[in-house]
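Me: I would like to go through this structure term by term, asking each time what justifies the label.

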Amino acid sequence: MRSRYSAFAVGDEAYLLRSWHPTTRPPGADLDPGLRWVRLEILGTTEGSAFHTTGSVEFRAHYTQGGRTGSLHENSRFVRHDGAWVYLDGLTED
């Protein structure tokens, strides 16, 4: 999760796509150059250890855009694919 947040923060689309499950991966990450990610809060996790094949992360990612602040609150699901943890999908909350 933290590596994907960092990739969003620096605009590393290639990493984002590599760390996305092939069944849910979009053609592109559609990064917004006017959006600046500034802080990540991990609110909770389930499973995701070396002994699991699935896991989830609830997080809030803070950003600025056009001088205004905002945040994204999501529950993300991750799965092991070819031995690596990859993002499967997520549900956003208000």
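Reply: Helices and strands are here DSSP runs, numbered from the N terminus, with H or I over at least four residues for a helix and E over at least two for a strand. On that basis the protein has two helices and four strands, and from the N terminus on the elements run α-α-β-β-β-β. This is a predicted model, in which local features need pLDDT of at least 70 and side-chain atom pairs count only at pLDDT 80 or more, while totals for chains, interfaces and linings use all residues. Residues are numbered from 1 along each chain as its sequence is written, and side-chain values use heavy atoms, with hydrogens and water left out.

Me: What makes the protein as compact as a globular protein of that length?

Reply: The radius of gyration is taken over C-alpha atoms, and the globule rule is 2.2 Å times the number of residues to the power 0.38. For 94 residues the rule gives 12 Å, and the radius of gyration of the protein is 13 Å, close to that value, so the protein counts as being as compact as a globular protein of that length. The C-alpha atoms fill a box of roughly 45 × 30 × 20 Å along the principal axes.

Me: Why is His21 called buried or exposed?

Reply: Buried means under 20% relative accessible area, exposed means over 50%, and partly exposed lies in between (1.4 Å probe, protein chains only). His21 has a relative accessible area of 13%, and therefore it is buried. His21 is placed in the loop between α2 and β1, and its C-alpha atom is 5.7 Å from that of Tyr87, although the two are 66 residues apart in sequence. Tyr5, in helix α1 (residues 2-10), is likewise buried, with a relative accessible area of 13%. Of the 94 residues of the protein, 26% count as buried.

Me: How do you know which class Arg36 and Thr54 belong to?

Reply: The relative accessible area of Arg36 is 55%, so this residue is exposed; its place is in strand β1. Thr54, by contrast, counts as partly exposed because its relative accessibility is 34%. Thr54 belongs to strand β2 (residues 54-65), and its C-alpha atom is separated by 6.5 Å from that of Arg80, 26 residues apart along the chain.

Me: What makes Arg77 and Asp89 a salt bridge?

Reply: A salt bridge is a side-chain nitrogen of Lys or Arg within 4 Å of a carboxyl oxygen of Asp or Glu. The side chains of Arg77 and Asp89 meet at 2.6 Å, N to O, and the pair is a salt bridge. Arg77 lies in strand β3 (residues 68-81) and Asp89 in strand β4 (residues 84-93), so the pair ties together parts that are 12 residues apart in sequence. Arg77 is partly exposed, with a relative accessible area of 44%, and Asp89 is also partly exposed, at 27%.

Me: How many salt bridges does this rule give?

Reply: The count comes to two. Besides the pair already described, Arg39 and Glu41 meet through their side chains at 3.8 Å, N to O, and form a salt bridge. Arg39 counts as partly exposed at 44% relative accessibility, and Glu41 is partly exposed with a relative accessible area of 25%.

Me: Why are Asp12, Glu13, Asp30 and Asp32 called a patch of negative charge?

Reply: Lys and Arg count as positive and Asp and Glu as negative, while His and the chain ends are not counted. Patches are made of residues with over 30% relative accessible area and no salt bridge, like charges being joined within 9 Å, and the place of a charge is taken as NZ of Lys, CZ of Arg, CG of Asp or CD of Glu. Asp12, Glu13, Asp30 and Asp32 gather in such a patch on the surface. Asp30, found in the loop between α2 (13-18) and β1 (35-47), has a relative accessibility of 72% and therefore counts as exposed.

Me: What makes the phi values of Glu47 and Asp82 worth a remark?

Reply: Most residues other than glycine have a negative phi. Glu47, which is not a glycine, has a positive phi of about 50°, and its place is in strand β1. Phi of Asp82 is near 50°, again a positive value in a residue other than glycine. Asp82 lies in the loop between β3 and β4 and counts as exposed, because its relative accessibility is 76%.

Methods
Patches are made of residues with over 30% relative accessible area and no salt bridge: like charges are joined within 9 Å, nonpolar side chains (Val, Leu, Ile, Met, Phe, Trp, Tyr) within 5 Å. Accessible areas come from the Shrake-Rupley method with a 1.4 Å probe; for residues, only the protein chains shown count as cover.
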